[in-house]
Amino acid sequence: DWEDTNWQFRWRQIATLTNGFSTMCSNDWRVQMTMMLNKKIEFKCRVQYVQIKPLKEDGLLSYQQLHWHFQQHFWFTLRFSFYRTDSYQSRIYEYESDVPGSFANFPLYGDGYKWFYFLRWQPLSSLQVWLKFRYQMISDKKLTDIDYGKNSSQLERMIRLQISLKI
């Protein structure tokens, strides 16, 4: 139903002085559609493009997400993301839902895809459980200074579990 659809358009330009002499300019365009498929399921689609001048680099991100409020005490989110950037300079940051008290905003660069699912379950008023599984496959990643000392594998997996019990 198009009446329950929200469109967002954003353009942002950031100029930064590099090495004290030259200016690097970043243009960032984003289009996002959020649609309620029914009372319990929300679909979100985003396309983001970044362009860096004078480096003549760019990057593209696309993701599709389903958020399902399955039952009164059960929530489920699933997201698929695809990205391609020329280098770390044209990286795109993507915020992800995460367990409470944790922050997930990853820089995506190179070529790759990722997906994650996030579950929240509240079986009792005093008990909540959160589970997140993240999977990322990097086809082509140009290593930068921040990558040294990290796992340079093309496959990254992460599991987070949090249980909260109010006594």
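How much area does the protein chain expose, and what share of it do carbon and sulfur atoms supply? In this predicted model, the exposed area comes to about 10,500 Å², and carbon and sulfur atoms account for 58% of that. Turning inward, 35% of the 167 residues in the protein chain are buried.

Now for the fold itself. You won't find a helix here: the count is zero helices and 10 strands, so to walk along the sequence is to read β-β-β-β-β-β-β-β-β-β. Lay the protein chain along its principal axes and the C-alpha atoms fill a box of roughly 60 × 45 × 30 Å. How much of the contact network links residues well separated in sequence? Among contacts with a separation of 6 or more, 48% come from residues 24 or more positions apart.

Next, the charges. The protein chain carries 22 positive side chains alongside 16 negative ones. Take the centre of each set, and the two centres turn out to lie 5 Å apart.

That leaves the pockets. The largest one has a volume of about 430 Å³, and 20 residues line it. Go to its centre and the nearest lining residues are Arg 12, Ile 14, Ser 26, Arg 91 and Tyr 93. Which elements give two or more residues to this lining? They are β1 (5–18), β2 (22–36), β3 (41–53) and β6 (92–95). The top contributor is β2, which gives five residues to the lining of the largest pocket.

Technical notes. Residues are numbered from 1 along each chain as its sequence is written. This is a predicted model: local features need pLDDT of at least 70, side-chain atom pairs count only at pLDDT 80 or more; totals for chains, interfaces and linings use all residues. Side-chain values use heavy atoms; hydrogens and water are left out. Helices (H or I, at least four residues) and strands (E, at least two) are DSSP runs, numbered from the N terminus. Buried means under 20% relative accessible area, exposed over 50%, partly exposed in between (1.4 Å probe, protein chains only). Contact means heavy atoms within 4.5 Å. Accessible areas come from the Shrake-Rupley method with a 1.4 Å probe; for residues, only the protein chains shown count as cover. Lys and Arg count as positive and Asp and Glu as negative; His and the chain ends are not counted. The place of a charge is taken as NZ of Lys, CZ of Arg, CG of Asp or CD of Glu. On a 1 Å grid over the protein atoms alone, a cavity is a set of points where a 1.4 Å probe fits but cannot get out, and a pocket is an open set with protein on both sides within 12 Å along at least five of seven lines; lining residues have an atom within 4 Å of a point. Grid points are joined across faces, edges and corners, and a volume is the space filled by probe spheres set on the points.
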